[in-house]
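Reader: Can you walk me through this one? I would like to start with how the helices pack, then move on from there.

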2 protein chains.
Amino acid sequence: MTHKQEMIERIRGFNRFYTNIVGLLDQHFLDSPFSLTEGRVLYEICNTDECSAKKIRESIAIDEGYLSRILDDFVRRGLIKKTRSPVDRRLRIIVPTKQGKRQFSTLNDNSNKLISNMIRRLSAKEREELLEKMDGIRLLLEKTK
Amino acid sequence: MTHKQEMIERIRGFNRFYTNIVGLLDQHFLDSPFSLTEGRVLYEICNTDECSAKKIRESIAIDEGYLSRILDDFVRRGLIKKTRSPVDRRLRIIVPTKQGKRQFSTLNDNSNKLISNMIRRLSAKEREELLEKMDGIRLLLEKTK
DNA sequence: GTAAAATACTTGACAATGTCAAGTATTTTG
DNA sequence: CAAAATACTTGACATTGTCAAGTATTTTAC
């Protein structure tokens, strides 16, 4: 086994590990009125200016038709409003309703609690270390694009 | 020192980032005869001694019925053999066939290539850093259990 | 030893999630 | 202005996952 092979094995080990971590965190969607994908879509809607299906698809990688239906569903559930952009009438601009924002903020709070719980055993110093390492990984992997 | 809310936001940012990374890597299942879940099941089968549905469920979190069908499908595809354990005839012990092992190893090779590609732009030193940080995160988060 | 409970898995029915391709409305390009 | 491109929608369908009831076997409690 080459050195490189070991390296790859360690990275894959980390991926499996972290997939599980994120998986555990995502379990909470089970207790919420949103699927994981719906949650991600709602996140984008609430954090994107002049949001549209197009913009969502720029950050999520989701089938166009599927997204269209999710958005329709959100409309039915009173979470968002869709209006054609006056600038380019092909686009529907998407804005969360008051209720949509409220639901998103609940979702958000629950995610925060889970993360909070995840790091509950760590000391202040360890938390700082964790963040540094996370940012470091991000920085390194962003080079690969 | 970072405020707690910011801290959580940074962790969640990392989670979103890394979910995307893993998501990209998992795209390769699209070009393979396995779904992501099937791949994970096959991984467990090939890396678990005296493997059984029970043992798989200890590491994967998957519906019992669903797993049962996946395994049946693997049998149909000639990837595994199931035999009742002589020790406890409720259990079916699962062994990969020669072909199963071969397919798994292909899957494995492709995963490796993807990882290899992911780190292609990093210098030796940076790769070492990446691994250290990954191991560090793992160590820190394992404390939380 | 035997009845009841527990375990390991299977099966049927079904719901949720995701994909593909063709279609509509609108804008851009040549 | 016609053709191509863009943004989204819709229908048909496949994949993936869930729930609950069922079978075979073993363990537990008497």
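Author: Take helix 1 of chain A and helix 5 of chain B, in what is a predicted model. Their axes come within 10 Å and cross at roughly 95 degrees, so helix 1 of chain A and helix 5 of chain B are roughly perpendicular to each other.

Reader: Which residues meet there, in helix 1 of chain A and helix 5 of chain B?

Author: From helix 1 of chain A, I8(A), I11(A) and R12(A). They meet S111(B), N112(B), I115(B) and S116(B) in helix 5 of chain B. By class, this contact divides into three nonpolar, three polar and one charged residue.

Reader: And the chains as a whole, how many residues are in contact?

Author: 38 residues of chain B are in contact with 38 residues of chain A. On the chain B side, helix 1 (4-26), helix 5 (98-118) and helix 6 each give two or more residues.

Reader: Which of them gives the most on that side?

Author: Helix 1 of chain B, with 13 residues. The side of chain B that touches chain A has 20 nonpolar, eight polar and ten charged residues.

Reader: How are the two copies related?

Author: Chain B superposes on chain A by a rotation of 180 degrees with 0.1 Å of shift along its axis, at an RMSD of 0.2 Å. The two copies are therefore related as by a two-fold rotation axis.

Reader: Which C-alpha of chain B is nearest the axis?

Author: That of K133(B), 2.5 Å from the axis. As for the contact surface, the same one serves both copies: 95% of the contact residues of chain B recur in chain A.

Reader: Stay with K133(B) for a moment. Buried or exposed?

Author: K133(B) counts as buried, because it has 22 C-beta neighbours inside 10 Å and the cut-off for buried is 20 or more. K133(B) is found in helix 6 (residues 124-142) of chain B. Leaving out residues up to four places away in sequence, K133(B) touches K133(A), G136(A) and I137(A).

Reader: Now the DNA. Which residues come nearest to strand D?

Author: Of the 21 residues around DNA strand D, the nearest are K54(A), G65(A), S35(B), G65(B) and Y66(B).

Reader: Which helices supply that surface?

Author: Helix 3 (53-60) and helix 4 (64-76) of chain A and helix 4 (64-76) of chain B each supply at least two residues. Helix 4 of chain A gives the most, with six residues.

Reader: What about the classes near DNA strand D?

Author: Eleven charged, six polar and four nonpolar.

Definitions and conventions:
Residues are numbered from 1 along each chain as its sequence is written. Chains are lettered from A and ligands numbered from 1 in the order in which they are written. This is a predicted model: local features need pLDDT of at least 70, side-chain atom pairs count only at pLDDT 80 or more; totals for chains, interfaces and linings use all residues. Helices (H or I, at least four residues) and strands (E, at least two) are DSSP runs, numbered from the N terminus. A residue is buried if 20 or more other C-beta atoms lie within 10 Å of its own, exposed if 12 or fewer, and partly exposed in between; C-beta atoms are placed from the backbone. Two residues are in contact if their C-beta atoms, placed from the backbone, lie within 7 Å. A residue is near a molecule or strand if its C-beta atom, placed from the backbone, lies within 6 Å of it. Ala, Val, Leu, Ile, Met, Phe, Trp, Tyr, Cys and Pro count as nonpolar, Asp, Glu, Lys and Arg as charged, and the others, Gly among them, as polar. Copies are superposed by least squares on the C-alpha atoms of residues with pLDDT of at least 70 in both. Axes are lines fitted to C-alpha atoms, for helices over the stretch in contact, and angles run from 0 to 180 degrees between N-to-C directions. Angles under 35 degrees count as roughly parallel, over 145 as roughly antiparallel, 65 to 115 as roughly perpendicular and the rest as oblique.
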